[in-house]
Amino acid sequence: MGGRPVILLVEDNPDDEILTLRALRTAHVSHEVVVARDGVEALDYLFGTGRHAGRGPGLLPHVVLLDLKLPRLDGLEVLRRIRSDERTRLLPVVILTSSTEDRDRIESYRLGGNSYVRKPVDFGQFAEAVRQLGLYWLALNQPPPRWWGR
């Protein structure tokens, strides 16, 4: 992992992945971005299982950007499992989704999501939203001490 702080981007749509990565670069976010393309892969990364076996689960990302509509395991179930494990319970999770469903927003907060951001359709608006996310979650927010999940 090179020692740089990590953002875990959980996104199955290749176009949204490219836009998010481009927006992060445009915002000069220097964190390493690890992309998981479905919910199972996200949990494997977080807990050091599957193709991420051997990766220490104590090495948590700085923030998770989590889409809701994912193959194999949806984002709400990923969030539920993150919050149910002591190692990841306090991990900042930002829901970054195109869902406009009130029930998705309510359930995301009920399950412990830290923020819910709808993806704007326009790239300029999307880039600005990601810039603001980066500013808040990566520069201003004070996360729990790094020892909390070990």
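Which residue of strand 5 is the bridge partner of leucine 96? In this predicted model, in which local features require pLDDT of at least 70, side-chain atom pairs count only at pLDDT 80 or more, and totals for chains, interfaces and linings use all residues, the partner of leucine 96 is valine 117. Residues are numbered from 1 along each chain as its sequence is written, and side-chain values use heavy atoms, with hydrogens and water left out. Helices (H or I, at least four residues) and strands (E, at least two) are DSSP runs numbered from the N terminus.

Strand 4 (residues 93-97) and strand 5 (residues 115-118) run parallel and are joined by four bridges. Between these two strands the chain passes through helix 4 (residues 102-110), forming a right-handed β-α-β crossover; the path from the first strand over the helix to the second runs clockwise when the strands point away from the viewer. Threonine 100 is located in the loop between strand 4 and helix 4. With a relative accessibility of 57%, threonine 100 is classed as exposed (buried means under 20% relative accessible area, exposed over 50%, and partly exposed in between, for a 1.4 Å probe and protein chains only). Threonine 100 and arginine 118 are 18 residues apart along the chain, and their C-alpha atoms are separated by 7.3 Å.

The strands form an open sheet of five members in the order 2-1-3-4-5, with parallel pairing, where two strands pair if DSSP finds at least two bridges between them. Strand 2 (32-36) and strand 5 occupy the edges with a single partner strand each, so one side of each has no neighbour in the sheet. On average, neighbouring strands of the sheet are turned by 20° against each other, direction ignored. Axes here are lines fitted to C-alpha atoms, for helices over the stretch in contact, and angles run from 0 to 180 degrees between N-to-C directions.

Strand 1 (6-10) is joined to strand 2 by five bridges, and the two run parallel. Within this pairing, leucine 8 has valine 34 as its bridge partner, and isoleucine 7 stands opposite valine 33. The connection from strand 1 to strand 2 passes through helix 1 (residues 14-26), and this β-α-β crossover is likewise described as right-handed. Strand 1 also pairs with strand 3 in the parallel sense, over four bridges, with valine 10 opposite leucine 66. Leucine 66 additionally stands opposite isoleucine 95 in strand 4, and strand 3 and strand 4 are paired in the parallel sense over three bridges.

Burial was examined for individual elements. Five of the five residues of strand 1 are buried, so this strand is largely enclosed by the rest of the structure. Val6, Leu8 and Val10 point one way from strand 1, whereas Ile7 and Leu9 point the other way. Strand 2 is mostly covered, with four of its five residues buried.

Helix 2 (39-47) is largely enclosed by the rest of the structure, because eight of its nine residues are buried. These buried residues are Gly39, Glu41, Ala42, Leu43, Asp44, Tyr45, Leu46 and Phe47. Their cover includes strand 1, strand 2 and helix 3. Tyrosine 45, which lies in helix 2, is buried at a relative accessible area of 3%. Tyrosine 45 and leucine 60 are 15 residues apart in sequence, with a C-alpha to C-alpha distance of 9.0 Å.

Helix 3 (residues 75-84) packs against helix 4 at an angle of about 10°, with the axes 10 Å apart. The two helices are therefore roughly parallel, a class reserved for angles under 35 degrees, with those over 145 counted as roughly antiparallel, 65 to 115 as roughly perpendicular and the rest as oblique. Leu76, Leu79 and Arg80 of helix 3 make the contact with Asp104, Glu107, Ser108 and Arg110 of helix 4, where contact means heavy atoms within 4.5 Å. Seven of the ten residues of helix 3 are buried, and the helix is mostly covered. The buried residues are Gly75, Leu76, Glu77, Val78, Leu79, Ile82 and Arg83. Elements covering the buried residues of helix 3 include helix 2, strand 3 (63-66), strand 4 and helix 4.
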